[in-house]
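Here are my notes on this model, set out as numbered points for a colleague who has the coordinates open. They begin with the terms and then turn to the structure.

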Amino acid sequence: MSENQTQSFIINRAATSKIENIDFENLPFGSVFTDHMLYCDYKSGEWGTPVIKPYEPLTMDPSSRVFHYGQAIFEGMKAYKDENDDVWLFRPDQNLTRFNKSAVRLAMPEIPEEVFIEGLKQLINIDKAWVKKGKGNSLYLRPFMIATGHGVIAAPSGQYRFMIILSPSKAYYQGDVKVLIAEHYSRAANGGIGAAKAAANYSAQFYPTLLANKQGYQQVIWTDDATHTKLEEAGTMNIFFRINDTLYTAPTSERILDGVTRKSIIDLAKRENITVEVRPVLVDEIIEASKNGSLKEIFGAGTAAVINPITGFSYQDTYYELPRQDNPMALDLKNKLTDIQYKLAEDTFGWTIKI
Ligand SMILES: *Cc1c(COP(=O)(O)O)cnc(C)c1O
């Protein structure tokens, strides 16, 4: 698609809205969807016209490649409504860039900006009533792409479908999160697909997470696959450690997803004059810091929960409880970040985009 070609959309609106039947006070995360969805098909080497239509099931050939060879990638983003009823996106360019990186790694075609960004804007605009005001309320945005080409042939598909679906969500509270440090299983490996937001990375971690759940831990902290000595991610979130008043987080790599929340927290913390060190964080040093009392906080960072404080961790059958903080850095950073997202604080970074 050439740079200045404008993308036209086919828009087919739902005759009626489901919104009156939705209990917005009781929304299990990611299980209710809005009235419309977007799709755009790729074949013969090009993307077709994007279509916005009523949300409905797909009909697919059982031999579609996605079912057999797992070519599937996605993004997770949110839209927020401010006090003036304007709707905002948070750093959508970062999600587009990451989506296309994931596409390349899974041998899938890249999506043009006109389809991804303009598609989000058009779709959200049509379902704008589903974005509720008030801190904690948001519309969770799920762009994804699957291989739709037919045939159980172990090669990249020639046909793909890009889609966007939208799910209203409330603030995501998980309660106490105790985590288990991985000593055997891995989420990702050097040379693998850990840096892509690929569906397969999620299926790879379900089983070890279930084993951790059975032992009373909500999440697994993933370590590097080669030595299991470096702390890399917490479940499906990036991870931060506070030792005394310094924040530590691992550099992104082939094994670590380049989270938008992670990089925003790093920038925000620096603006607040918090020292942030981006370097490998070792299991040994965290245990040592826990024993000598300098380990103050551990938290996960990701779009769905924003920041998820961790209350303690287990390693080699020993449980290490984190001290309670009166003014946790995690909460302070979460408030500062969400204030920017909900337009309650000035966006000095230029991260928010009006729809
Ligand atoms: C999506 C994801 C994150 C968080 O990324 P955000 O852009 O902050 O939502 C972190 N780790 C993994 C493995 C992920 O899939």
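1. Buried is used here for under 20% relative accessible area, exposed for over 50%, and partly exposed for what lies in between (1.4 Å probe, protein chains only). Helices (H or I, at least four residues) and strands (E, at least two) are DSSP runs, numbered from the N terminus. This is a predicted model, in which local features need pLDDT of at least 70 and side-chain atom pairs count only at pLDDT 80 or more, while totals for chains, interfaces and linings use all residues. Residues are numbered from 1 along each chain as its sequence is written, and side-chain values use heavy atoms, with hydrogens and water left out.

2. Strand β7 is a convenient place to begin. In a regular strand the side chains alternate between the two faces of the sheet. In β7, Val87 and Leu89 point one way and Trp88 and Phe90 the other, and all of them are buried.

3. What does β7 pair with? Two strands are taken to pair if DSSP finds at least two bridges between them. β6 and β7 pair in the antiparallel sense over 3 bridges, with tyrosine 80 standing opposite tryptophan 88. β7 is also joined by 3 bridges to strand β21 (residues 352-354), again running antiparallel, and the bridge partner of phenylalanine 90 in β21 is threonine 352.

4. The turn between β6 and β7 deserves a check of its backbone angles. The two strands form a hairpin with 5 residues between them, and aspartate 85 is found in this loop, between β6 (77-81) and β7 (87-90). Aspartate 85 has a positive phi of about 70° although it is not a glycine, and at 36% relative accessibility it counts as partly exposed.

5. A second hairpin can be read beside the one above. Strand β19 (residues 312-315) and strand β20 (residues 318-321) run antiparallel and are joined by 4 bridges, with serine 314 opposite tyrosine 319. There are 2 residues between these strands, and glutamine 316 in the turn has a positive phi of about 45°. Aspartate 317 also lies in the loop between β19 and β20; its phi is near 65°, a positive value in a residue other than glycine. Is aspartate 317 buried or exposed? Aspartate 317 counts as exposed, because its relative accessibility is 77%.

6. The ligand site comes next. A residue is near the ligand if one of its heavy atoms lies within 4 Å of it. By that criterion 14 residues surround the ligand, and the closest are Lys197, Tyr202, Glu233, Thr261 and Thr303. The shell divides into 4 nonpolar, 6 polar and 4 charged residues, where Ala, Val, Leu, Ile, Met, Phe, Trp, Tyr, Cys and Pro count as nonpolar, Asp, Glu, Lys and Arg as charged, and the others, Gly among them, as polar. β13 (237-243) and α5 (260-271) each supply at least two residues of this shell.

7. Which side chains place polar atoms beside oxygen atoms of the ligand? A polar contact is a pair of N or O atoms within 3.5 Å; within protein, one must be able to donate a hydrogen and the other to accept it, and residues adjacent in sequence count only if both atoms are side-chain atoms. Polar side-chain atoms of threonine 261 and of threonine 303 each lie 2.6 Å from an oxygen atom of the ligand, and for arginine 98 the separation between a side-chain N or O atom and a ligand oxygen is 2.8 Å. The protein covers 97% of the 380 Å² of accessible area that the ligand has on its own, with areas taken from the Shrake-Rupley method with a 1.4 Å probe and, for residues, only the protein chains shown counted as cover.

8. Leucine 337, in helix α7 (residues 329-341), counts as buried because its relative accessibility is 0%. Not counting residues up to four places away in sequence, leucine 337 touches Phe90, Thr261, Ser264, Ile265, Leu268, Val306 and Trp351, contact meaning heavy atoms within 4.5 Å. Leucine 337 and valine 306 are 31 residues apart in sequence and 8.4 Å apart in space, C-alpha to C-alpha.

9. Asparagine 100 lies in helix α2 (residues 92-105) and is buried, with a relative accessible area of 11%. Its side chain reaches the backbone nitrogen of isoleucine 111 at 2.8 Å.
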